[in-house]
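Please open the model in your viewer and keep the selection panel at hand. The tour goes from the whole chain to the ligand and then to a single residue.

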Amino acid sequence: MTHADRRHLSRRRALRSLAGFLAASPLVQAQREIVYTPDRMPTLDDIVNVFEMEPVCRLRLPKQNYDFIAGGVDNEWTMKRNRDAFDRFTIHPRMLVNTMKMDLSTTLFGTKIGMPVLVAPTAGHQLAHPDGEEATAKAAAASKTIMCVSSVASLPFEKIAQATDAPKWWQLYPREDDESTEARVRAAVAAGYKAVILTVDAPYNSHRERLLRNREAGQVPGQGAATTTSAPRRRRGAAETAHPYRLQPALVAAWDWTYVKRVKDWAKVPVLVKGLLTAEDAGLAKEHGADGIVVSNHGGRYLDYAPSTIEVLPEILKEVNGRMPVLIDSGFRRGTDILKALALGANAVLVGRPPLWGLGAFGQAGVEKVLQMLESELALAMGLAGQTTIQGLRPSLVRLH
Ligand SMILES: Cc1cc2nc3c(=O)[nH]c(=O)nc-3n(C[C@H](O)[C@H](O)[C@H](O)COP(=O)(O)O)c2cc1C
């Protein structure tokens, strides 16, 4: 090799390594994404998928409000797993099916809805926007779907019920005494809520490290007074100081499966148990009279290293065997995610953070856009996979790898 050749080669090597360096550089990476800053915000039309709502919401909200919405617990492993697990499933499309007429509607407990994507119960919508749950309810109604209203909503449930005529469900974190819990359940049903969701996966306040760092107490064991954003109502002070390990138990920590029957007696509308992750518990829920279940890990906000929901869905569906509707949430962000769960046999999917991102970013219009994008993505995925109805979806459409 001549001297000139050697020089040429080392120049090529240098150029290659420079190209590698540039490709890995955060600066160049950022060029590939659209970068928003508070003085360069997108309009609603600029948003092309659900993920893109999140940075806009983040820029618009006070840090502690955004962190409350975004966070998981501990290592946030389950929160990440909720997304990663979808990558293990592929969709196996059918061709030359006439998909010109598509119908995404479905019926849950006698209520017909336009699409099988519901708004999950999430606390404190006014943390995202002053219009709070009223805006979310209107957006859900415009999208012909059901909003599940949290029992720790920013606005009274009666007010949210009146925001629209569309069907809504109410989520319950029970209170200390049965009388006031019963009164609340009955009042919610009288206000027009068509089903009650009993959330059972939050027996203790969890370790929300983002909140700890913001010096926000409430969600964190041993950290002082509950905030307005804290989840289940619990007797403060006494229980916590009495707890040998300084945990903050919620009331559900003291119950067993017989509680489902009590809630059913009060509600007299369908009762769904939310927060199940095992076939055993799905079986017990049915045995104790649940009318439906929501497979959920609370969006990764309680037990870290709990599995993602899509990976346990098949064993739960096998146990339930069509005896009651099985709904699912945690990590759903794409039409293809939703299609995978529906094909496996789930009756509907709930989304938690995405509507809050839309609400924080653009108010009611943002929530509507989130729901519309999910609906269109689901429709497109179905169209490309040769599917025309929700009821016609079959497990053979997806494969686990
Ligand atoms: C900010 C926030 C507040 C929540 N509040 C409640 C609540 O009050 N009741 C409840 O049952 N679940 C609550 N959840 C859990 C959701 O219902 C749902 O299970 C979860 O958000 C789904 O995961 P995703 O956010 O990844 O879609 C909350 C979740 C978030 C993100």
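How many helices and how many strands are there in the protein? Colour this predicted model by secondary structure, and the count to look for is 16 helices together with twelve strands. Keeping the whole protein in view, bear in mind that buried residues make up 47% of its 401 residues, and that, of the contacts with a separation of 6 or more, 68% are between residues 24 or more positions apart.

Next, select the ligand and the shell around it, where you will find 25 residues, with A120, S150, T199, G299 and G352 being the closest. If you then colour this shell by residue class, it divides into eleven polar, ten nonpolar and four charged residues. Now highlight residues 63-70, which form α4, and residues 353-362, which form α15, since each of these helices supplies at least two residues of the shell around the ligand.

Leave the ligand and move on to helix α13, which spans residues 309-320, and pick V320 within it. Is V320 buried or exposed? V320 counts as buried because it has 20 C-beta neighbours inside 10 Å, and 20 is also the number from which a residue is classed as buried. To see part of its surroundings, select A282, K286 and V326, with which V320 is in contact once its neighbours within four places in sequence are left aside. As a last step, set a distance label between the C-alpha atoms of V320 and G292, which are 28 residues apart along the chain and separated by 9.7 Å in the model.

Note on methods: Residues are numbered from 1 along each chain as its sequence is written. This is a predicted model: local features need pLDDT of at least 70, side-chain atom pairs count only at pLDDT 80 or more; totals for chains, interfaces and linings use all residues. A residue is near a molecule or strand if its C-beta atom, placed from the backbone, lies within 6 Å of it. Helices (H or I, at least four residues) and strands (E, at least two) are DSSP runs, numbered from the N terminus. Ala, Val, Leu, Ile, Met, Phe, Trp, Tyr, Cys and Pro count as nonpolar, Asp, Glu, Lys and Arg as charged, and the others, Gly among them, as polar. A residue is buried if 20 or more other C-beta atoms lie within 10 Å of its own, exposed if 12 or fewer, and partly exposed in between; C-beta atoms are placed from the backbone. Two residues are in contact if their C-beta atoms, placed from the backbone, lie within 7 Å.
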